[in-house]
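Hello,

Here is the structure I said I would pass on. Please open it first, then read my notes below.

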Amino acid sequence: MNVISMPEEEYLTKAFVLAEESLKLDNVSLRKATYTAKRGARWSTHHAYLRKAWNRKNLHILMNTLVAKILFKHNKVDGIKVIHKNGSVGNIGVRKEVILCAGAINTPQLLLISGIGSASALKKHEIPVVQDLPEVGQNLFDHLNVPIYVNLRERVSITLVKLQTLPEVFNYFAFGTGWLATNGVMGLGRANNSGLLLFGVASAEEKLLKAISNFETEVNEPSNCYIFGL
């Protein structure tokens, strides 16, 4: 997957990592950020695996196709039901197995509409029960994001001025390196059951900060005591 670490010589990254030692708390762990990229561009599973395999004779890729249901025969997986972009419906049979990788929401959703889940819930929605597994679709949590913007005395953040310098632009287009080749995340950490993310990009634009944080305008009013910094 070509995992790249944020350079430790960056001031904010180094300060973030050293903060764990300074805090001396058992419930806090801080480390430099990592991200998947190659030559200045995001490097996803599409690049790492799929693109290398899509000419194989035993691989068939269907675009704009929705998996609607897992099909069973005598309680054994028999295939999947798909809906194509033009609305036509088809079935794809299998000899061995079906691997679900539809994400945290759609994977249990597919299992449920296919008859795998809590028997009482399935019967309520008139879905024939294939396997009674009460935990399917349970224990899902929202990941709440609470941005905190701070003012720094030192000019160590990534700014538009820094990004627009000739060396930065040259390094990015010539070598795929520099700040333009990163996602701006300096450090990652954990405190108890909460995750921490140090985003080292500065902006004086309140509108941009609100867009990044998905905040409504009223959240930023002085009466709410929420202050944006650089």
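Tyr-172 is partly exposed, because its relative accessibility is 25% and that class runs between 20% and 50%. Please keep in mind that this is a predicted model.

What did the search for aromatic pairs turn up? Across the whole structure, it found two of them. One joins Phe-170 and Phe-175. Their ring centres are 5.8 Å apart, the planes meet at 80 degrees, and the pair is edge-to-face. The other joins Tyr-172 and Phe-173. Here the centres are 5.2 Å apart and the planes stand at 80 degrees, so this pair is edge-to-face too. The cut-off behind that label is an angle over 60 degrees.

How accessible are the partners? Phe-175 has 47% relative accessibility, so it counts as partly exposed. Phe-173 has a relative accessible area of 66%, so it is exposed; the limit for that class is over 50%.

There is also a charge over a ring. Lys-38 lies over the face of Trp-43. The distance to the ring centre is 4.7 Å.

Now the strands. Strand 5 covers residues 65-73, and strand 6 covers residues 76-84. They pair in the antiparallel sense, over eight bridges. Within this pairing, Leu-66 stands opposite Ile-83 of strand 6. The two strands form a hairpin with two residues between them. In its turn, His-74 has a positive phi of about 55 degrees.

Strand 6 also pairs with strand 7, residues 89-93. This pairing is antiparallel as well, over five bridges. Lys-81 stands opposite Asn-91 in strand 7. Strand 6 and strand 7 make a hairpin too, with four residues between the strands. Which residue there takes a positive phi? Look at Gly-87, with a value near 95 degrees.

Last, a loop residue. Thr-182 lies between helix 6 (166-175) and strand 10 (185-191). What does its side chain reach? A polar atom of the Thr-182 side chain lies 3.0 Å from the backbone oxygen of Trp-179. The Thr-182 side chain also reaches the backbone nitrogen of Gly-184, at 3.3 Å. Leaving aside residues up to four places away in sequence, Thr-182 touches Met-6 and Tyr-35.

If you want a place to start, try the rings of Tyr-172 and Phe-173. Then turn to the strand 5 and strand 6 hairpin, and finish at the Thr-182 loop.

Best wishes

Terms used: Residues are numbered from 1 along each chain as its sequence is written. This is a predicted model: local features need pLDDT of at least 70, side-chain atom pairs count only at pLDDT 80 or more; totals for chains, interfaces and linings use all residues. Side-chain values use heavy atoms; hydrogens and water are left out. Rings of Phe, Tyr and Trp (its six-membered ring) pair if their centres lie within 6.5 Å; planes under 30 degrees apart count as stacked, over 60 as edge-to-face and the rest as tilted. Buried means under 20% relative accessible area, exposed over 50%, partly exposed in between (1.4 Å probe, protein chains only). A charge sits over a ring if NZ of Lys or CZ of Arg is within 6 Å of the ring centre and within 35 degrees of the ring normal. Two strands pair if DSSP finds at least two bridges between them. A polar contact is a pair of N or O atoms within 3.5 Å; within protein, one must be able to donate a hydrogen and the other to accept it, and residues adjacent in sequence count only if both atoms are side-chain atoms. Contact means heavy atoms within 4.5 Å.
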